[in-house]
Amino acid sequence: MDAEVNFSSHPSHKLQFIRDQRKSLHDVIVSLIKGQNIEAESIKEINRGIRSATGILQVKEDSGALSMEWSFDQEDPVAFLHPIYQSLEKLLSNGAGNRIKECGECRWLFWEQTKSNTRKWCDMRYCGSRKKAREYYRRKRESETG
Ligand SMILES: [Zn+2]
């Protein structure tokens, strides 16, 4: 068993821990979608995060219907990782890794939902537009100079 996370309660340590988790999650998922070797150290780091961001499973009642819902400490920034690990669990158990893509512009990961499976950017309004504008001006420059 790996050592438990033992950061002080200083907010900057927690922030660094969250940034490290973000990097490890990104590295593991990118390796997964590209079919590359997954770094054991990144998996170890994610497991450290999962042990730190514990939540409590509670029964929830809504209009007479009961369901189970994870609850976590709203005051603890590390606890906000909990929903991310829940999403990771769903992603890995559904074998949906082939629907996760890395944006060709900003490198964020996004969930591909088009039927054609050809989406290239996390968001057309931002990254897609930027990329298309750059290509437009490049073509325009080439036609003016060429
Ligand atoms: Zn993007």
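**Entry 1. Contact criterion and model**

I take two residues to be in contact if their C-beta atoms, placed from the backbone, lie within 7 Å. The model I am reading is a predicted one.

**Entry 2. The whole chain**

I first looked up the secondary structure and found 4 helices and 4 strands. Following the sequence, I noted their order as α-α-β-β-α-β-β-α.

I then compared the chain with a compact globule. For 146 residues such a globule would have a radius of gyration near 15 Å, whereas I find 20 Å for this chain. The C-alpha trace extends over about 65 × 40 × 30 Å along its principal axes.

I also looked up burial for the chain, and 10% of its 146 residues count as buried. For contacts between residues at least 6 apart in sequence, I noted that 43% link residues at least 24 apart.

**Entry 3. Helix H1**

I turned to H1, which runs over residues 11–34 and so comes to 24 residues under the helix assignment used here. From first C-alpha to last I read 34 Å, close to the 34 Å expected at 1.5 Å a residue.

Which residues of H1 are buried? I find Phe 17, Gln 21, Ser 24 and Leu 25. I kept in mind that an α-helix has 3.6 residues a turn, so residues three or four places apart point the same way. The buried residues of H1 pack against two helices, H2 (40–52) and H3 (82–93).

After H1 comes Gly 35, and I recorded a positive phi for this glycine, near 70 degrees.

**Entry 4. H1 against H2**

How do the axes of H1 and H2 cross? I find that they come within 9 Å, at a crossing angle of roughly 130 degrees. H1 is therefore oblique to H2. The cut-off matters here, because an angle has to be over 145 degrees to count as roughly antiparallel. I recorded the crossing of H1 past H2 as left-handed.

I listed the residues that meet across this pair. From H1 they are Asp 20, Gln 21, Ser 24, Leu 25, Asp 27 and Val 28. From H2 they are Ser 42, Ile 43, Glu 45, Ile 46 and Gly 49. Gln 21, Ser 24 and Leu 25 appear in this list, and they are also among the buried residues of H1.

**Entry 5. Strands E1 and E2**

I looked up Val 59, which belongs to strand E1. Is Val 59 buried or exposed? It is exposed, because 8 other C-beta atoms lie within 10 Å and a residue with 12 or fewer counts as exposed. Setting aside neighbours within four places in sequence, I find Val 59 in contact with Leu 66 and Met 68. Val 59 and Glu 69 are 10 residues apart along the chain, and I read 6.2 Å between their C-alpha atoms.

Between strand E1 (56–62) and strand E2 (65–71) is a loop that holds Ser 63. Ser 63 is not a glycine, yet I recorded a positive phi for it, near 50 degrees. Ser 63 counts as exposed because it has 4 C-beta neighbours inside 10 Å.

**Entry 6. Leu 88 in H3**

I located Leu 88 in helix H3. Leu 88 is partly exposed, since 17 other C-beta atoms lie within 10 Å; for a residue to be buried, 20 or more are needed. I then took its C-alpha distance to Ser 116, which is 24 Å, with their positions 28 residues apart in sequence.

**Entry 7. Asn 117 and helix H4**

I looked up Asn 117 in the loop between strand E4 (109–111) and H4. This is another residue other than glycine with a positive phi, near 60 degrees. Asn 117 is exposed, because I count 10 other C-beta atoms within 10 Å.

How far apart are the end C-alpha atoms of H4? I read 29 Å, which agrees with the 32 Å that its 22 residues should span at 1.5 Å a residue. H4 is hardly covered, for the count of buried residues among its 22 residues is 0.

Within H4 (residues 124–145) I looked up Ser 129. Ser 129 counts as partly exposed because it has 13 C-beta neighbours inside 10 Å. From Ser 129 to Met 68 I noted 41 Å in space, C-alpha to C-alpha, and 61 residues in sequence.

Definitions and conventions:
Residues are numbered from 1 along each chain as its sequence is written. This is a predicted model: local features need pLDDT of at least 70, side-chain atom pairs count only at pLDDT 80 or more; totals for chains, interfaces and linings use all residues. The expected span of a helix is 1.5 Å times one less than its number of residues. The radius of gyration is taken over C-alpha atoms; the globule rule is 2.2 Å times the number of residues to the power 0.38. Axes are lines fitted to C-alpha atoms, for helices over the stretch in contact, and angles run from 0 to 180 degrees between N-to-C directions. Angles under 35 degrees count as roughly parallel, over 145 as roughly antiparallel, 65 to 115 as roughly perpendicular and the rest as oblique. A crossing is left-handed if the near helix is turned anticlockwise from the far one by less than a right angle, and right-handed if clockwise.
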